[in-house]
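I opened the model today to look up one loop residue, one sheet and one helix, and I note below what I found for each.

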Amino acid sequence: MIFFTCLCSDGGGFSSILSSFSKLFFIAGVSSNSVGNKIYINLNETFPCVRLLNATHQIGCQSSFAGDVGVVHLLESEENLDWVLGSGPNPPYMVILESTLFTRPIMMKLKHGSQRVAGVVVVEPTTNPPDGFSPHTSCPNENTGVYSESYGPSYAHCNVTVWNPLGTGLSYEEFDFPIFSMKDSNDTEVLRRCYREHNRAVNGSTPQYPLCAMQLFSHMSAVRDTATCMRRSEIPFSLTPEEVCDPLGDENVWASTKPLNNTAKGHKEGESVVIAAAKMDSRSFFFDVAPGADGTATGLVALLAAANALRNATAELNRTILYTFFHGETFDYIGSSRMVYDMENNQFALDLDNVHSILEVGQVALGSNSRLWLHSDPVSRRNSSVNVEKLASNLHLAAAGLNISLEEPNVTQPLPPSSLQRFLRARPIPGVVIENHQASFTNKYYQSIFDNAESLQLNYSPNLTAEEQLEFVTDAAKNLTEVATAVARGLYLQAGGHPAGMNAVQADSRLVRPMLYTFLVRGKNSWSEQLRGQSSDGDVSSFSSEDRPTNFYIGVHQQMSEPRFMVQTILANLTGTIVNVTKENCQKQKEDEEDVRNKHLYYYQWVQGPLRPNSTERDSFCVRSGVRRFAAKSPAFVLREYTS
Amino acid sequence: LLACFLADPAPVSAGLGFLTTPDPGVPAFFWLVSLLLSSLVWFISVQISNKESAAQQKGLLIFGVVLSVLLQETFRFGYYKLLKKANEGLLTLSQEETMPISIRQLAYVSGLGFGFMSGAFSVVNILADSAGPGTIGIHGDSQHYFLSSAFMTMAIILLHMFWGVVFFDACEKRCWWAVGLVVIVHLLVSCLTFQNPDYTATLVPAYVILFGMGVWAFYTAGGSLRNLKLCLTCKDKDFLLSNHRPR
């Protein structure tokens, strides 16, 4: 399955609230002049929901070409919907929802009343809803995992365990009107006041013009499904070829404990590799908003810290560990499906015969009870050659002496949605997924805008400065350090390390803290700045992650995504070694003038380094690591088969 | 929106006069230049002023308006001088006894040109903003903004025409007090707009002044009640005769 996103030529929609036809207006994106300012109010912090396509459907929302205009109506309750759908005298309406009313029943009713509904605006609350909220499906990636009619049919389609019981599936519905989210700020107050003064029907009377109204622009060019859209984008003999949609994609990042020749693709004789995997993307209902705290960041940080913990122990291992960070797993396993495809077609530095086992780190935010669960695939386990028990016992050994417990669930259940499933589709490989839930997710905000620092209880006292917050030891950081240590030790044992040397492997909480802060609170801070570099093929200035948490959305393949850039940078610094190479040579991927060999084995990055005290200068240096990237775009685009 | 033209019922037929006089584009250009100069001065003074102080900005606006009015009247006078020179030149060339083009026609056209351009500038921006789904009022401003702008613009266009007629006539007769009065009335009308958004206080005096200027211009151009009656009942012999003049 492939996912597309369609972006209109200006890269997404923007909202304007306005009053229409002798109504009063709010608008966004209009030039500021005094008469215009008397008519329109621009809304700034808004996020649209966009059109996405897959092989068979289109999902998401869009507006008409010139934007959609409707009379503002603040929905007070589900019964109040009747005004919008039936009795209101001035359709179409622009429905403003508080987030408690953004539920499936209400949205479905609005969807079916689409003649009278011009659009929907959801007001983002300042705190997370306590009962949980997940617009994702209740059985994520159910058609692209390993379980199907031919493989473990009793486990397919979440027959045994519903992984995401709170999932409403709203993200996968198709809407014909624009839906935007708005932060609860001054503009929202103006909107509410405007509604109360002009639009509210008092005692059954009809509100008189002029009325308060809103205009939302989020026109999308893609329709129908992937095959249709690709065909339209590739119309030949056109003087002005127009791309109406772009494939979702970015790059996966991998690094190995032993240098592997990346130019020689295909099977590597004698290599037996343990893959340590994590995913680095997330999504929400709205475009370009994906805080992904429990869902993505915890696993990511744990694996990064584990990679750092093992950097000095690699000499004692007889198997290579391959740290792999997959992108696009949220959208039917874009990254892992591509890796498996590349491995099967000798496009990757290794192939599936080289893979010994797989350890995946999933959602590992610890609640009050510090228990983690080891999930494995019951179907492949029955095969005696697939030795999951060794992996599980290594992990149990690894967790001994730490404050967390690693257990296996006591019922036979399938694997949760994980990259391991795509590997199992190719061949049976022993693999374990570490998660914080025994059966259904404990994450109440899976793939939503609420899966943020607050849901992890990452609380920083407000009187701390940014620097102090970076250093502050939160409970989440402490727990995650323990998890990272367990993962590192487990990998150490699985890769052939001796149990006696295990205790020397320890994750550093001084790295976990700033990593969590960078991903979940503020992307641009002193720690991340000093790690950033300028690579010869990367444009640093296009990476903009400022005063807000990292956006884990994968985006389209032409645009670099934030998490990938950060993971590649952090991984290079955490697993690499500093070498004495000039900046010019470093950026050309060589150690000195005559060097031509090393670029096949290593990746060189010129790192900005820390600020000198009392100065704006930095001590920059060159880091040599085994960090590599490869395309994470669905193989369907390579094969040009869009219907599978 | 554009003004209904009060046909000037002077002996010189306005409609026909329109065809035999120079086009109003030239005086329009003069008005444009005066606007350019005054806005340049205003822009520079705003840049060097204290942008935070609202009182200072308001003061600068008043200064800008006054300067603009004075410049417009100066350019009107300049146009008059230019026309006089051109007429004298034509007179020496054509060896006729009488002036080929009547100063009254030129006055009327000059006023028309000025009014046209002034009206266009006043209204085009507002028209552009009114195209679109919204109307004024989201911050509580009055609903009558567009309507009042339209009426005010109409008044100003007509006033420019009347001022043109009176001004040129006063310059011909060397009646400098009349010239001064025209300038003062122009200043008055422009400053009336500072009373917006109290539209009644702006529009009513403006229309009173319009009526007054209209009457003054009518009498200056040689009109009288008798002329008016004859014209309206189509019995004006001079008018009918001038229609049959061979080309």
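I began with A:L317, which I found to be buried, with a relative accessible area of 12%; buried here means under 20% relative accessible area, exposed over 50% and partly exposed in between, with a 1.4 Å probe and protein chains only. I should record that this is a predicted model, in which local features need pLDDT of at least 70 and side-chain atom pairs count only at pLDDT 80 or more, while totals for chains, interfaces and linings use all residues. Residues are numbered from 1 along each chain as its sequence is written, chains are lettered from A and ligands numbered from 1 in the order in which they are written, and side-chain values use heavy atoms, with hydrogens and water left out.

I then placed A:L317 in the loop between α6 (293–309) and β16 of chain A, where helices (H or I, at least four residues) and strands (E, at least two) are DSSP runs numbered from the N terminus. Leaving aside its neighbours within four places in sequence, I find A:L317 in contact with A:Y492, A:A495 and A:G497, contact meaning heavy atoms within 4.5 Å. I also looked up A:K588, which is 271 residues from A:L317 in sequence and 31 Å from it in space, C-alpha to C-alpha.

Next I turned to the sheet. In chain A, I traced an open sheet of eight strands in the order β19-β18-β20-β17-β15-β16-β14-β25, with mixed pairing; two strands pair if DSSP finds at least two bridges between them. The edges are β19 (405–407) and β25 (628–633) of chain A, each with a single partner strand, so one side of each has no neighbour in the sheet. Direction ignored, neighbouring strands of this sheet are turned by 25 degrees against each other on average, the axes being lines fitted to C-alpha atoms (for helices over the stretch in contact) and angles running from 0 to 180 degrees between N-to-C directions.

Helix α9 (residues 388–399) of chain A packs on this sheet, where it touches β17 (355–361), β18, β19 and β20 of chain A, and its direction makes about 40 degrees with that of β20(A). Helix α12 (residues 475–494) of chain A lies across β15 (273–279), β16 (320–326), β17, β18, β19 and β20 of chain A, and I noted that it runs at about 175 degrees to β17(A).

I looked more closely at β18(A), which is mostly covered, with four of its five residues buried. How does β18(A) run relative to β19(A), parallel or antiparallel? The two run parallel and are joined by three bridges, with A:L372 standing opposite A:L406 in β19(A). Towards β20 (residues 431–435) of chain A, β18 (residues 371–375) runs antiparallel, again with three bridges; A:L374 has A:I434 as its bridge partner in β20(A), and A:H375 has A:V433.

Last, I checked helix α7 (residues 199–220) of chain B: at 1.5 Å a residue its 22 residues should span 32 Å, and its end C-alpha atoms are 31 Å apart, which agrees; the expected span is 1.5 Å times one less than the number of residues. Its buried residues, including B:L203, B:A206, B:L210 and B:M213, pack against α4 (103–130), α5 (145–173), α6 (176–192) and α8 (225–232) of chain B. After α7(B) comes B:G222, whose phi is positive, near 100 degrees.
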